[in-house]
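Biologist: Could you take me through one part of this model up close? I'd like a single stretch explained properly, then its surroundings.

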Amino acid sequence: MIQPLLEAGWLSAILPEIILSAGGMLLILLTAFSPRSRGITGPLAVIIFIATTWAENLVGEGVYFGGTYEISAITRVFDLTFLLAGILAALFAREYLEREGIEGGEFYALLLWGTVGMMMMAKGLDLLIVVLGLEILSVCIFVLLGYHRRLPVSNEASLKYFLMGAFATGFILYGTALFYGASRSTNITEMAKYFATADASNPLLTVAFILLMSGFGFKLALAPFHPWAPDVYQGAPTPVAGWLSVAPKAATLIVLARLLYAMAPVMAKTHWVTMLATLSVLSMIIGNSVAIVQRDLKRMLAYSGIAHVGYMMIAMLTISDESIAAIAVYTIVYALMNIGAFGVVSMLAKNQNDPQTLDDIAGLGFRRPFYGLGLAVCMFSLSGLPPTGGFISKFYVFRTAIESGHTGVALIGILTSIISVYYYLRVVYYLYMKEAPDGTAVPIGGVFATGALAISVIGILIIGIFPTPLFNMAGNAARQFLQH
Amino acid sequence: MLNNLWLIPIAPFVGFLINGFFGKRAGKTFVTAVAWLGSFAAAALGTLAAFEYAGQYHHGERHLNVIYNWFSSGNIGADIAFQLDPLSIVMLMVVTWVGFLIHVYSAGYMAHEEGYWRYFAYLNLFLAAMLILILGSSYLFMFVGWEGVGLCSYLLIGFYYDRDFAAAAGKKAFIVNRIGDFGFLIAMFLMFAYLGSVDFAQVSQRAMGSGIDGGLITAICLFLFLGAAGKSAQIPLYVWLPDAMAGPTPVSALIHAATMVTAGVYMVARTNVLYRLSPTAMAVVATVGALTALFAATIGVRQNDIKKVLAYSTVSQLGFMFIGVGVGAFSAGVFHLVTHAFFKACLFLGAGSVIHAMSGEQDIRKMGGLWKKIPITAWTFLIATIAIAGFPPFAGFFSKDEILASAFSTPYFPGLGKLIYVLGTIAALFTAFYMFRLFYLTFFGKFRGTHEQEHHLHESPATMTIPLIVLAALSAIGGLIGIPHVFGHNWLAEWLHPIIPPLPGVHDLHIPANVEWAVMIVSTLVAAIGLFAAMRLYRDRGVAADEAFERRSPGLARTLENKYYVDEIYGRTVVTPLEVGSRFLWKVVDSVIDGIAAMLGFFVRGFGDLLRFFQTGNVRNYALMFFIGVVVFMWVLR
């Protein structure tokens, strides 16, 4: 029973996952035995995340567990994205939970375990591992969404995500089953061998592809599988919404990249790519145009998130080392700017059951200059203006699309991101050009939230001004990834 | 140090950050200490680097210190890299040490000003940007510093932002410089497109290679010169510099006399390979320089604001430098840059000391008789005046002389060279005249100010006089670094020789000994005539001489006083039409575009509203949508 674990490097291969899992249990036990220590669980979670980041370097690259678990440079890049998102979310959550009176080790434990799920998705070479990771992640998300359990909106968000999520998982599982039926394997490496010679006209494959993509499309909140997102983000505890809008999407994208690369020979013979292009275009158009009419900040960010995944999907249309690098960088930048934006919203002191609208940030740039500035930088970056990271990442995505011949889709991306400038800059307008109505509460944020926002802002600017090292790292990782 | 050249600009930048963030709350002592330390560290580190360089490289090779690959996209790329070579070392020494002296001086001069911390923060920032400009290894990185100094210049000209004139002057400087920057940018685009690089060495190398069209080189050179003309205040873009005197006087000394405005000269010297390949471009540079030198010198004769006189003098002297680099005497141009930094900084700081003593008065008609009252200022001012007028063996004599002799014997355009020599010599005559006019009106005759001003007259504190003395000493003996060949060893020319590589088929400049002698004698005579005329008119008769001139030829007097009405002409021919055009674009074209945009916005918004209709909040409906989506995809891909 123990024997397989002792095979070379297996235990150390999942060292990051082990640290995260054990750390989560530790936090729960700590709260159970000493309820007073709730206050330090947040910082402890951050420390665990940082320890995991360090542990990433100890893991050797290779394929483990009988060809089902791959650790390579690109999985490391994505692991770092998950960890970054976790750190930012934990920092923003610390004071938010305290203010709402719902602080506890469970919250952070769920963040840590959710990260384990995402890492399994990113590294899984077997669709079963991927689904297992996805389910670990999903269960954590259900609970995190309903964490504010006395609030009806929070419960509603949790239930909606659960019902729709179960629905979508069904599609993913059916898709997997059909692929298994065709290829006799759930292992992506094996499937790739099958796809290389498969008969592309087999309708089974097309159905499987559509089912799988629909399920993943749900997880990514791609139109037309998106309607859950605004409702869920709005009801979720705000730091959770920020994390949810970034990290699980990154995990799903890397899975998608793996699968699409394996399917490339079949894709070349069919027009499956139409579905991907449609998802991308619909998301960009619907996300950006509906965001314009939103006054609720979280709903606006939800639609903006739909649009952003639409942009990222452009790079998925043809998988190459450049497109994977572009997506890797995009997700990192997106983690910084989107969690940062949600973080500022989370500091707006208000009854969490009420919507947080544009009026709540009026004049924030003068009342709390740093938060105003931070939100403004995030907005500039989301709208893709230089010198922010948002500009660079969008630029690379559009460039890879144009280089691989998807000019039309890239053009729609560029046009819709021009539309998006309107609603992003409206936020900046409210920050600096509107007077705060009387009696607007000043946002509450302590040293943790401020620190997290500082990380976001500095990260966005550094990537925007010095993009080369990050791109070189991601590019090298992506090249390695595609070589085997 | 050689591999950590970034430390040099970082030192004042840290000073800027500290003073910028904490200066307002911290005391003046703290602010002063930080600012002095920042500039001194740059000077000390720079000197250290220069010595290390001299120990390591014996033939003036280029030391390259790549910090970081800035970006690379396709085959275009740029590094953040610093370089050290004989030319940048000369610039480095001048900028850091003169900069440091002016920092010291500023502590005394600005002691009672509001916004003391702001002033020093900007001054440090300026130094950092200037150091990036001269240490950068590519045109692109140089441009970063170029824009940085432009920004600081704007901020410091508008330092007294509550005075309308200062704010307007800052804007004027900024806008006029934009025109020059446009030229610089176009030149860089041309380099990227046709030479494939903006690195100094590579650009030179590839320009020398075969298959490069001569027209392209000329275009690059002329666009670069447009940039240089903006920054270094040459015709037709000189108009901002006299207005820039609205800034604090030490700023005029540092930025608008000694360092920033010479950046254009530095750039042309840096680009000497390209210029020598294009005699046309050189002829343009030299001609513009000569015209500017003469034109500004004549205006200087009729100005009554002590700083305005010096401002036009600076424009004129920059013209001399461009004559130098334009006729192929690059080391002579740089030489004049160095000596000018000494004597003009000394003159401006002296003027500041005078203004300080006169309780803020700047009109020389209300001064007079200050010789005894502020002796240190007066003596240093006199030394610098002799230096700029060009009397041997003071600094200005050697450098101006080398330029004029080079113009006379330039091999690139011999005929035009003689003409430029004549223009330059006339400008030198005017220089001596207006400088001594300034000197006599300020320090001799009777005191013409108010009683109260007379009561307050006092010599400046040591923080101000010590820099004056140091600069006066440099003005006196600084020329010895480049004495003519007929006397011995031109050390500076030899030091700078490696940056001017020999080009196949291009003759290098050589000054015959008899020309050198002749030019020296003529120059000295010319300076003496200027001195003599000014002495007769202004020492003996004071302001009355100006009034007599006004009576005799009122038209000419008014034209000179109004600077040939150039500002007014620009206003009529450029600014007003632009305003009318902009108004048209704004009122007519823009409203059409706005209308279209509003209409589009209306549609998008309507579309968004329509889609929102599907957002029912009901999970069953969402599941149905999901399902329909899947079915539609099945149908499409079937």
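**A close look at one helix**

Modeller: Let's take helix 16 of chain B, which is mostly covered: eleven of its 15 residues are buried. Keep in mind that this is a predicted model. Chain B has a mean pLDDT of 87, with 99% of its residues at 70 or more.

Helix 16 of chain B covers residues 375–389 and stretches 21 Å from its first C-alpha to its last, close to the 21 Å expected at 1.5 Å a residue. The buried residues of this helix are Thr377(B), Ala378(B), Thr380(B), Phe381(B), Ile383(B), Ala384(B), Thr385(B), Ile386(B), Ala387(B), Ile388(B) and Ala389(B). What do they pack against? Their partners in chain B are helix 15 (330–357), helix 17 (395–408), helix 18 (414–443), helix 20 (462–477) and helix 22 (513–541).

Now step off the end. Just after helix 16 of chain B comes Gly390(B), with a positive phi of about 95 degrees. A little further on, Pro392(B) and Pro393(B) are joined by a cis peptide bond, with omega about 0 degrees. Pro393(B) sits in the loop between helix 16 and helix 17 of chain B.

The end of the helix also leads us to Ala432(B). Leaving out residues up to four places away in sequence, Ala432(B) touches Ala389(B) and Gly390(B), along with Val526(B), Ala527(B), Gly530(B) and Leu531(B). Ala432(B) is also among the residues with the most contacts inside the largest nonpolar core, which has 221 residues. Others on that list are Phe126(B), Met130(B), Leu131(B), Ile323(B), Ala345(B) and Cys346(B). Helix 4 (residues 116–135) of chain B gives the most to this core, 18 residues. Apart from it lies another core of 192 residues, with Ile87(A), Val116(A), Cys140(A) and Ala157(A) among them.

There is another cis peptide bond to look at in chain B, between Ile235(B) and Pro236(B), with omega about 5 degrees. Pro236(B) belongs to the loop between helix 8 (214–231) and helix 9 (240–243) of chain B. Ala233(B) is found in that loop too, and its phi is near 55 degrees, a positive value in a residue other than glycine. Ala233(B) counts as buried because it has 30 C-beta neighbours inside 10 Å, where the cut-off is 20 or more.

One of the contacts of Ala233(B) is Val315(B), which also touches Tyr238(B), Leu241(B), Thr292(B) and Ala296(B), again setting aside residues up to four places away in sequence. Val315(B) lies in helix 14 (residues 306–326) of chain B and is buried, with 26 other C-beta atoms within 10 Å.

For contrast, try Tyr564(B), in the loop between helix 24 (554–561) and helix 25 of chain B. Phi of Tyr564(B) is near 60 degrees, positive in a residue other than glycine. Tyr564(B) is partly exposed, because 13 other C-beta atoms lie within 10 Å.

Finally, the wider setting. Chain B is divided into domain 1 (144–501 + 509–563) and domain 2 (567–637), and their centres, taken over C-alpha atoms, are 53 Å apart. The contact between the chains takes 24 residues from chain B and 27 residues from chain A. On the chain B side, helix 26 gives the largest share, eleven residues. By class, that side has 15 nonpolar, six polar and three charged residues. For the complex, the predictor gives an ipTM of 0.82 and a pTM of 0.72.

How values were computed
Residues numbered from 1 in each chain as written. Chains lettered and ligands numbered in written order. Predicted model: local features only at pLDDT ≥ 70, side-chain atom pairs only at ≥ 80, totals over all residues. Domains from an automatic or database assignment. Contact = placed C-beta atoms within 7 Å. Helix = DSSP H or I, 4+ residues; strand = E, 2+ residues; numbered from the N terminus. Nonpolar A, V, L, I, M, F, W, Y, C, P; charged D, E, K, R; others polar. pLDDT = per-residue confidence, 0-100. Buried ≥ 20, exposed ≤ 12 C-beta atoms within 10 Å, placed from the backbone. Core = buried A, V, L, I, M, F, W, Y, C linked by C-beta atoms within 7 Å. Expected span 1.5 Å × (residues − 1).
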